[in-house]
Structure formats: structure tokens, C-alpha cells
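I pulled up this model to jot down a few things for the bench notebook. Here is what I looked up, entry by entry.

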2 protein chains.
Amino acid sequence: MDSVILINPFAVPAGEPAGEQFLAGWRAAADVMRRQEGFISTALHASLDPAAHFQFVNVGRWASAEHFQRALRAPEFQQGAAGNPYPNFPSLYRVIAE
Amino acid sequence: MDSVILINPFAVPAGEPAGEQFLAGWRAAADVMRRQEGFISTALHASLDPAAHFQFVNVGRWASAEHFQRALRAPEFQQGAAGNPYPNFPSLYRVIAE
């Protein structure tokens, strides 16, 4: 399979209102991204530990790195959903060992 | 499903020898962990981008948070595989949105 995995850990403070604000932003971004060519899936992971450095981690799948890069440049993503006030570390990955 | 997802991003420098050293340590730890009760799966993700902050991300699944915490305290894990020279941010997660 040629698809790639997007992993993006977000350093969001634990609790509210940060959690709800982040979730609203994530949903808006996900709604845009799922309309882009090459999108396969996305899953938002929430930490069980309020002391965790990364309270949220997004794990998605795209048909290829090129599809994902093109989606990032999509005007509807750039015009709204791209903004995120929390430090985050998106990168594309492949599984190399299990 | 009551299982939990372990996500652990590792800030390993890109390239060798760090990559090979990290991988050897990950394999040793994974070999210990897969013998512990409650282990379901593990998958090491390697970044496609040498500039990524987290060159490796481990994503695993455990039967419960309690199983994972017990595995961390297992003597054979503590005696060898627990040591990791790279900054990492392990936490347990649940998927809250897709």
C-alpha cells in the first residue's frame, strides 16, 4: 500500500475551555480535509492523562504525500481551517516495524 | 472496545547513526512489551521528512491502561529496555472523533 500516515501531536492545555475550542477547530479542519482528493481517514486521539504533553494527537491516512501537500494548499483550507493556536508537529509517516 | 492506544513521539535526530541506534532500542523494548499481559499490537512509524521534529512515533494498543502501567513496571522492562536516550512523550489515548 502506497498510502501515508499523518500524525500530528497538539500541545493543547488540559481541560476547558481549551479542549472544546480545539475540538471545534479540529472538526472544521477535518470537514475541509475530507473533501480533498486523496483523503482516506482521520482520527482524533484524546489523552487519558491531563498531565500529558500532547492532549490531542490527530492520526490520518492519505493516498500519497503529494495528495496531502496539495490539500494543505487548498484555498478553502488556507482561508479558514489552517489556523491553529496550539503548537503542533505534523509529519507524514510510514510503518517500518511491528 | 475498552482498549487504549499508546502514542509515543520520539525526538530522534534524522539520519544515522541515531536512526539505527533508536531502532535497535525500540526492537528490544517491543520484544519485552509483546510478552506482557494486555499487549495487543505495536507499530513504529518513521517520518518521511528528515526535518520533522519527531522522526519516530510508536503507536500501540493495550487491553487497558492498567495493563500498560503494569507492563512499564515489569522487571525485565525496567532492567534493560526502559532506557531511551531521546526525548519522548508517551501517553495513552482514546479516539474521540473521526
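Do the copies meet through the same surface or through different ones? I checked the interface residues: 100% of those in chain A are also interface residues in chain B, so the copies meet through the same surface. Note to self: this is a predicted model.

**Symmetry**

I laid chain A on chain B next. The fit takes a turn of 180° and a shift of 0.0 Å along the axis, and the RMSD is 0.0 Å. That is the relation of a two-fold axis. I also asked which residue of chain A comes closest to the rotation axis. A:P9 does, with its C-alpha at 4.1 Å.

**Nonpolar core**

I then went for the largest nonpolar core, which has 13 residues. The members that touch the most others are A:I7, A:F54, A:V57 and A:V59 from chain A, plus B:I7, B:V57 and B:V59 from chain B. Which elements supply at least two residues each? I found β1 (4-10) and β3 (56-62) of chain A, along with β1 (4-10) and β3 (56-62) of chain B. As background, nonpolar side chains in soluble globular proteins tend to be buried together.

I picked A:V57 for a contact list, skipping its neighbours within four places in sequence. In chain A, A:V57 is in contact with A:I7, A:N8, A:P9, A:A43, A:L44 and A:H45. Across in chain B, A:V57 is in contact with B:I7 and B:Y93. A:P9 on that list is the residue I had noted for the rotation axis.

**Largest pocket**

I looked up the volume of the largest pocket and got about 670 Å³. Its lining has 38 residues, and those closest to the pocket centre are B:L6, B:N8, B:F68, B:L72 and B:P90. Where does the largest share of the lining come from? It comes from α1(B), with seven residues.

I listed the elements of chain B that each supply at least two lining residues: β1, α1, β2 (39-47), β3, α2 (65-72), α3 (75-81) and β4 (91-97). By class, I have 24 nonpolar, 13 polar and one charged residues in the lining.

**Single residues**

B:G19: I placed this one in helix α1 (residues 18-33) of chain B. Is B:G19 buried or exposed? Its relative accessible area is 8%, so B:G19 is buried. I also took the C-alpha separation of B:G19 and B:Y86, which is 11 Å for two residues 67 apart along the chain.

A:A28: this residue is in helix α1 (residues 18-33) of chain A. I get 38% relative accessibility, so A:A28 counts as partly exposed. The C-alpha atoms of A:A28 and A:G80 are separated by 8.4 Å, with their places 52 residues apart along the chain.

B:H67: I found this one in helix α2 of chain B. Why does B:H67 count as buried? Its relative accessibility is 19%, and buried means under 20%. Leaving aside neighbours within four places in sequence, I list B:E37, B:G38 and B:W62 as the contacts of B:H67.

**Cis peptide bonds**

I checked omega before closing the page. The bond from A:E16 to A:P17 is cis, with omega near 10°, and A:P17 sits in the loop between β1 and α1 of chain A. In chain B, a cis peptide bond joins B:E16 and B:P17, with omega about 10°. I placed B:P17 in the loop between β1 and α1 of chain B.

Note on methods:
Residues are numbered from 1 along each chain as its sequence is written. Chains are lettered from A and ligands numbered from 1 in the order in which they are written. This is a predicted model: local features need pLDDT of at least 70, side-chain atom pairs count only at pLDDT 80 or more; totals for chains, interfaces and linings use all residues. Side-chain values use heavy atoms; hydrogens and water are left out. A nonpolar core is a set of buried Ala, Val, Leu, Ile, Met, Phe, Trp, Tyr and Cys residues joined through side-chain atoms within 4.5 Å. Buried means under 20% relative accessible area, exposed over 50%, partly exposed in between (1.4 Å probe, protein chains only). Helices (H or I, at least four residues) and strands (E, at least two) are DSSP runs, numbered from the N terminus. Contact means heavy atoms within 4.5 Å. Copies are superposed by least squares on the C-alpha atoms of residues with pLDDT of at least 70 in both. On a 1 Å grid over the protein atoms alone, a cavity is a set of points where a 1.4 Å probe fits but cannot get out, and a pocket is an open set with protein on both sides within 12 Å along at least five of seven lines; lining residues have an atom within 4 Å of a point. Grid points are joined across faces, edges and corners, and a volume is the space filled by probe spheres set on the points. Ala, Val, Leu, Ile, Met, Phe, Trp, Tyr, Cys and Pro count as nonpolar, Asp, Glu, Lys and Arg as charged, and the others, Gly among them, as polar.
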